[in-house]
Amino acid sequence: MSRPEHSAPPELFYNEAEAEKYHTSSRMIEIQTKMSERAVELLCLPSAEDGGKKLLLDIGCGSGLSGAVLEEHGHMWVGIDISPHMLAIAAERGGGDVFLGDMGDGMFFRPGMFDGAISVSALQWLCNADKRWHEPRKRIARFFQTLYACLAKGARAVFQFYPENAHQMELITSAAMRCGFTGGLVVDYPNSSKAKKYFLCLFAGAPAGGYQLPKAKGDESNVDRSDSEAESEDGDEREPQRTVAYGSHRQHVKHEHKRGKHRDAVKSKNWVLKKKESQRKKGKDVRPDTKYTARKRQGKSF
C-alpha cells in the first residue's frame, strides 16, 4: 500500500471526496479519535474541572476530529490545515477557530499564545518536496522555530506521525532540538507491525523540575535502562519505557578512523549513488539509478 504523501501534495490528496471519508467513515473517525485521545493523554494537562482549561493548537486539524476530542476534555482549540475541503467540514462541525495554512511556511500566531499543541498524522508531510522550491530541511526548521515561539514557556507539543524511515525520524527530531525543544520519541506497541504508533513529545523549554517522557503502551521487550530508570530512590525497580530521549546538547563522539579512511573513492559507483541519494533528499530532480550508473565510458577505437 502506497503512502499518501507519495501520491500527491496534501492540498490535492485531501480533496472533497477524501475529506468526506473523514466525515462519514466510522472506521476513520474511530482511528483518528483514538490517536487524538492518546496525544491528549501524552500532553499530561490538568483536567478542566481543576481549573486546567487550556488553549491548544491543533496542527493539521483536518476535519476537526481531534479538535472534538480536545473539547471533550474541556479545552479550547485553534486549528490549522492546508486542505480547504477538510477545513470546510471542520467549520461545519464547529468548536474551534480554523485557519488555512501550510505548516512548512511556519506558524503565524503571536508569541506564547498556546498552552500546548497536538498533531495527528501530519508531520511526515514536511519531509516531501511537493513543489520545485520546497526544501524539506528548511521547511521543518521553519516550522519548529515558529512553533516554539507561539508556545508558552514549558508547554508541551505531541505529534503522532508516520516516519517512512530512520532518516526521517532523525531529520525531524534533530531539527526540533536545534530550535530549543527537549523531549523525545514514545513508541506505542513497538512489537506490532499494525498497532505501532510513533509520538514525538516535545517540551518548549525544560520544566522547572526537569522533564520525564510518558510511558509507552504495549512494550514487553527488554529495554536497556539508565540507573535512574532502572531503580527508584527507595530501591524498587521501575517498569522499562519504550522511549528515546533527546536533549538540547549534543554528545560529541571521537572518531576512531583517520580522516579519509574507509571513504568511497571519488566517482566510484558507491560515491555516485550516495551523491544522488543526497540530492534526492534535498528535493532535487535526479535521474533514476540504472545498471549503467557510474559505468566508465570506454574510448572509441579507430
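1. Let's start with the surface. The chain has an accessible surface of about 18,600 Å², and carbon and sulfur atoms account for 49% of that area. Please keep in mind as you read that this is a predicted model.

2. Next, the overall build. The chain contains nine helices and eight strands. Of its 302 residues, 39% are buried. Among contacts in the chain with a separation of 6 or more, 64% are between residues 24 or more positions apart.

3. A good residue to look up early on is Phe144, which sits in helix 6, the stretch covering residues 136–150. Is Phe144 buried or exposed? Phe144 counts as buried because its relative accessible area is 0%, and the cut-off for that label is under 20%. Leaving aside residues up to four places away in sequence, Phe144 touches Leu123, Phe159, Ile172, Ala175, Ala176, Cys179, Phe181, Leu200 and Leu202. One of these partners, Cys179, is worth a second look: Phe144 and Cys179 are 35 residues apart in sequence, yet their C-alpha atoms are 6.3 Å apart in space.

4. Helix 6 also turns up in the second largest pocket. This pocket holds about 550 Å³ of space, and 23 residues line it. Nearest its centre are Cys127, Pro136, Arg280, Lys281 and Lys282. Helix 6, helix 7 (166–178) and helix 9 (269–281) are the elements that each give two or more residues to the lining. Which of them gives the largest share? Helix 9 does, with four residues. As for the character of the lining of this pocket, ten of its residues are charged, eight are polar and five are nonpolar.

5. Now to the charged pairs. Side chains of opposite charge can pair when their charged atoms come close. How many salt bridges does the structure hold? There are 13. One of them joins the side chains of Arg38 and Asp188, with 2.7 Å from N to O. This pair links distant parts of the chain, since Arg38 belongs to helix 3 (residues 26–43) and Asp188 to strand 6 (residues 182–188), 150 residues apart. Both partners fall under the 20% cut-off for buried residues: Arg38 is buried at 7% relative accessibility, and Asp188 is buried at 3%.

6. A second salt bridge brings us back to helix 6. Asp105 pairs with Arg139, and their closest N and O atoms are 3.9 Å apart. Here too the pair links distant parts of the chain: Asp105 is in the loop between strand 3 (97–100) and strand 4 (114–120), while Arg139 is in helix 6, 34 residues apart. The two partners carry opposite labels. Asp105 counts as exposed because its relative accessibility is 51%, whereas Arg139 is buried, with a relative accessible area of 10%. The value for Asp105 passes the mark for exposed residues, which is over 50%.

7. One more pair deserves a glance. Glu135 and Lys138 form a salt bridge in which the closest N and O atoms are 3.6 Å apart. Glu135 counts as partly exposed, at 38% relative accessibility, and Lys138 counts as exposed, at 56%. Elsewhere, salt bridges that share partners join Arg38, Glu41, Asp188 and Lys217 into one network, so the Arg38 and Asp188 pair from point 5 is a good place to begin tracing these links on the structure above.

Methods
Residues numbered from 1 in each chain as written. Predicted model: local features only at pLDDT ≥ 70, side-chain atom pairs only at ≥ 80, totals over all residues. Heavy atoms only, no water. Buried < 20%, exposed > 50% of the residue type's maximum accessible area, 1.4 Å probe, protein only. Contact = heavy atoms within 4.5 Å. 1 Å grid on protein atoms, 1.4 Å probe; cavity = no way out; pocket = protein on both sides within 12 Å on 5 of 7 lines; lining within 4 Å. Points joined across faces, edges and corners; volume = space filled by probe spheres on them. Nonpolar A, V, L, I, M, F, W, Y, C, P; charged D, E, K, R; others polar. Salt bridge = Lys/Arg side-chain N within 4 Å of Asp/Glu carboxyl O. Areas by Shrake-Rupley, 256 points an atom, 1.4 Å probe, with all protein chains shown as cover.
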